[in-house]
Amino acid sequence: MGKETGFLEYDRVERGYDDPAERVTHYKEFVRPHPPEALRQQAARCMNCGIPYCHNGCPVNNIIPDWNHLVYEDDWKNALAVLHSTNNFPEFTGRVCPAPCEAACTLNIVDQPVTIKSIECAIIDRGFREGWVEPQPAETKTGKSVAVVGSGPAGLACAQQLARAGHAVTVFEKSDRIGGLLRYGIPDFKMEKHLINRRAVQMEAEGVQFRTSAEVGVEVSFQALRDNFDSVVLAGGAEEPRRLDIPGSELPGVRLAMEFLTQQNKRNAGDDEVRAAPRGTLTARDKHVIVIGGGDTGSDCVGTSNRQGAKSVTQLEIMARPPEREDKATTWPDWPLKLRTSSSHEEGAERDWAVLTKRVVGENGDVAGLECVRIEWKDGKFEEVPGSEFTLPADLILLAMGFTGPRRRGLLDRAKVELCERGNVAADTQRYLTSERGVYSCGDMRRGQSLVVWAIREGRQCARAVDEALMGTSELPR
């Protein structure tokens with residue numbers, strides 16, 4: 001694949017970013033794509049290894065060496081066809097996926113993996129520019145109907161696959177716009193929302209109907225879905241946030257990360273403050289901001305706080321600081337634990353590890369600080385380090401500590417499906433069938449908090465399972 005000696009001739013070169021001082025003045029994407037010849041050289045580095053471990057690292061089973069080779073051969077249209085054969089939305093994964101495929105790349109043994117994510121993004125972006133991405137409506141209709149609850153990446157992938165199989169598909173979304181986490185959880189500077197809109201246009205041309213502001217279990221009866229559709233797919237995501245259970249956490253300046261991020265995304269979409277912030281405006285402007293949680297959502301809060309004009313931003317993580325570089329002998333080709341610095345961190349933030357929060361300091365009825373203590377792992381548990389207590393000034397504390405599973409109120413209470421021991425909807429990865437006949441589940445609602453790429457995989461596989469159950473057989477890929 002690629003050029004046989006390409007990995008020896010060309011070094012890995014990542015996409016560049018606009019200068020931090022400039023990009024924090026707006027909410028647009030700021031990645032600088034490779035020029036065409038540089039991209040061809042990066043594709044040439046795919047080394048035709050005997051066992052392409054990138055396949056193991058990619059949840060959607062992308063045929064990575066093949067489209068790398070096609071880019072090297074300047075055959076972009078076929079590269080797009082190969083890419084779309086396994087991934088409905090490479091423009092999403094090419095922007096927000098952490099690229100486990102690159103961690104699994106053979107060249108990562110020497111810290112020089114192929115720039116798979118950059119090439120993927122370039123293929124799909126060119127495909128849209130050239131007009132190669134077109135609706136693929138089914139040639140014949142099956143007469144069967146499916147309701148998909150949730151329009152995040154799992155729900156969208158499932159809906160598109162089922163529509164292409166000839167079923168009548170209706171997607172129900174509780175928010176005012178489709179996209180789920182893609183729309184309101186991921187900042188525009190990481191993924192602009194016109195990318196979702198253009199896919200919605202394609203899917204509507206393929207026969208998918210979207211019903212927004214229609215929360216199943218609240219505005220829409222779940223029983224009505226059971227009565228009016230042949231199958232129902234639950235793809236609502238894992239939205240129950242992990243809470244901070246310490247004294248003072250009830251103060252108004254302690255807020256959930258998703259509320260903070262959603263408000264800004266709504267403003268970027270043109271909503272006024274009444275629609276963007278129904279509970280009152282939440283802003284980091286001129287505030288000392290503390291973000292609790294060291295993952296991607298925490299990083300997104302850092303980037304958004306800097307753009308809103310925070311005085312300072314501090315991100316805290318309960319786990320110890322990971323190593324700068326992983327031990328390849330013990331981790332490759334698996335996803336390694338190592339220090340990861342995002343573009344938002346580069347824009348300005350203090351980061352601290354092995355920190356346990358103890359109490360929110362209040363003053364005049366709101367947040368004034370956060371008492372913390374350092375911890376260490378001993379005898380299988382965290383222990384506080386004596387004498388390590390400290391207090392950080394704070395005006396706004398954002399909770400980005402992950403999610404515990406899907407919300408039960410409304411939809412799941414009405415659906416009466418069984419839950420697993422983790423609190424997710426119980427369903428396997430072959431049939432994706434819940435405890436209720438004709439009701440399926442996929443994505444984070446079934447799997448728990450995970451990656452966009454895993455959601456797309458589950459949506460595609462669930463679509464095949466539904467199609468097979470309805471028709472007795474299925475030609476949809478897994």
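User: Why is Asn87 called buried in this predicted model?

Analyst: The model is a predicted one, and in it Asn87 has a relative accessibility of 0%. Buried means under 20% relative accessible area, and because 0% falls under that cut-off, Asn87 counts as buried. As for its place in the chain, Asn87 sits in the loop between α6 (76-84) and α7 (90-96).

User: What makes the link between the side chains of Asn87 and Thr93 a polar contact?

Analyst: The two side chains are joined at 3.0 Å, and a polar contact asks for a pair of N or O atoms within 3.5 Å, one able to donate a hydrogen and the other to accept it. The value of 3.0 Å is within that limit, and therefore the distance fits the name. The side chain of Asn87 also reaches the backbone nitrogen of Phe89, at 3.0 Å.

User: Which residues is Asn87 in contact with, leaving aside its neighbours within four places in sequence?

Analyst: With those neighbours left aside, Asn87 is in contact with Val60, Asn62, Thr93, Glu120, Ile456 and Arg460, where contact means heavy atoms within 4.5 Å.

User: Why is Gly50 called exposed?

Analyst: Gly50, which lies in the loop between α3 and α4 (54-57), has a relative accessible area of 77%. Exposed means over 50%, and since 77% is over that cut-off, Gly50 is called exposed.

User: What makes Met471 partly exposed?

Analyst: Met471 lies in helix α21 and has a relative accessible area of 39%. Buried would need a value under 20% and exposed a value over 50%; 39% falls in between, and therefore Met471 is described as partly exposed. Not counting residues up to four places away in sequence, Met471 touches Thr142, Lys144 and His167. From C-alpha to C-alpha, Met471 and Asn88 are 22 Å apart in space, while in sequence they are 383 residues apart.

User: What is said of the phi of Asp74, and is Asp74 buried or exposed?

Analyst: The phi of Asp74 is near 65°, a positive value in a residue other than glycine. Asp74 is found in the loop between α5 (64-72) and α6, and its relative accessible area is 53%. Because 53% is over the 50% cut-off, Asp74 is called exposed.

User: Why does Ala354 count as buried?

Analyst: The relative accessibility of Ala354 is 14%, and because this is under 20%, Ala354 counts as buried. Ala354 is found in the loop between β11 (350-352) and β12 (355-363), and although Ala354 is not a glycine, it has a positive phi of about 55°.

User: Why is α3 called oblique to α9?

Analyst: The axes of helix α3 (residues 36-44) and helix α9 (residues 116-130) come within 10 Å and cross at roughly 130°. Roughly antiparallel requires an angle over 145 degrees and roughly perpendicular one of 65 to 115; roughly 130° fits neither range, which means that α3 is oblique to α9. The contact brings Leu39, Gln42 and Ala43 in α3 to Ser118, Ile119 and Ala122 in α9, and by class it has four nonpolar, two polar and no charged residues. As to handedness, α3 passes α9 in a left-handed crossing.

User: What makes α14 oblique to α16?

Analyst: Helix α14 (residues 257-268) and helix α16 (residues 296-308) have axes that come within 10 Å and cross at roughly 50°. An angle under 35 degrees would count as roughly parallel, and one of 65 to 115 as roughly perpendicular; since roughly 50° belongs to neither range, α14 is oblique to α16. The crossing of α14 and α16 is left-handed. Among the residues that meet are Phe260 and Leu261 in α14 and Cys301 and Thr304 in α16, and the residues of this contact divide into five nonpolar, five polar and two charged.

User: At what angle do α10 and α21 pack, and how far apart are their axes?

Analyst: Helix α10 (residues 153-164) and helix α21 (residues 452-471) pack at an angle of about 35°, with their axes 7 Å apart. The crossing in which α10 passes α21 is right-handed. By class, their contact has 11 nonpolar, two polar and two charged residues.

Methods. Residues numbered from 1 in each chain as written. Predicted model: local features only at pLDDT ≥ 70, side-chain atom pairs only at ≥ 80, totals over all residues. Heavy atoms only, no water. Axes fitted to C-alpha atoms, helices over the stretch in contact; angles between N-to-C directions. Helix = DSSP H or I, 4+ residues; strand = E, 2+ residues; numbered from the N terminus. Left-handed = near helix turned anticlockwise from the far one by under 90°. Nonpolar A, V, L, I, M, F, W, Y, C, P; charged D, E, K, R; others polar. Buried < 20%, exposed > 50% of the residue type's maximum accessible area, 1.4 Å probe, protein only.
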